[in-house]
Amino acid sequence: SLCIDFLITFLRVGGLSPFRDSRILDPTFYVTIYFNMKRNRSKTYSNERPTYFITTTVTEHTKIFFNDDLCKILLNNLEFYRNKLKFFIYGYVIMPNHIHLLLQQTGEKNISDFMRDFKKYTSVEIIRFCQKNDLQELLKVFQDSARKYMAKRDLLYQVWQERFDDVLIWSEKQFNVKLDYIHNNPVQEHWKLVDEPQKYKYSSARNYESGDDLPFRIDRLGY
């Protein structure tokens, strides 16, 4: 059966015979195998210049990026931290309540450094924009979210969800799948923001289609 085949493979990763080695009766040995498997997987999929598919979402899934000025805040910060922290940006899309990115680390700073700074300073600028333009409804959402999720940090506003999702890219096929997903996000059934990917203003789909750098320059280096 599949269960037996999996168990035999699992034990062989630990370097023993499933039929002759008495260590199979020791529960602690299975823990050792498990952590060895995790280390091996991480070593296999990582490299000196890792590429990631990133998703980060506005708190409470609030739709705020219908506003050009708010979208420009994101693009300006992407450009700034791409240069400062030495990242390539191969693909992006700004959706109403989240963004997807395809990023490659090329310097010493890692993806957590990039996302920490990006989310921190876009938050400051988004709050400032909302205050300047008297967007009280949005400010209340951010205040309520901070009280709900960030009370221990004594923050007044929370714009982004605290965590972000990252998927390590480990093949050309996976790279292309994630890039296609980014480009097709605006045409998905539950969004239908445009009828063709390249027509969406804040997506790298139009960069790949037109070959220009508007409204944001992407790095066209293949995986």
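**Notebook: Thr55 and its surroundings**

I looked up Thr55 and found that it counts as buried because its relative accessibility is 13%, where buried means under 20% relative accessible area, exposed over 50% and partly exposed in between, with a 1.4 Å probe and protein chains only. I kept in mind that this is a predicted model, in which local features need pLDDT of at least 70, side-chain atom pairs count only at pLDDT 80 or more, and totals for chains, interfaces and linings use all residues. I also noted that residues are numbered from 1 along each chain as its sequence is written, and that side-chain values use heavy atoms, with hydrogens and water left out.

I then placed Thr55 in strand β1, which covers residues 51-57; strands (E, at least two residues) and helices (H or I, at least four) are DSSP runs numbered from the N terminus.

Next I listed the contacts (heavy atoms within 4.5 Å) of Thr55, and, leaving aside neighbours within four places in sequence, I found His98, Ile99, His100, Phe164 and Asp165. For Asp165, I noted that its C-alpha atom is 5.1 Å from that of Thr55, although the two residues are 110 residues apart along the chain. For His100, I found a polar contact of 2.8 Å between its side chain and that of Thr55; the term covers a pair of N or O atoms within 3.5 Å, where within protein one must be able to donate a hydrogen and the other to accept it, and residues adjacent in sequence count only if both atoms are side-chain atoms.

Finally I turned to the whole chain, where I counted 7 helices and 4 strands, and where 42% of the 223 residues are buried.
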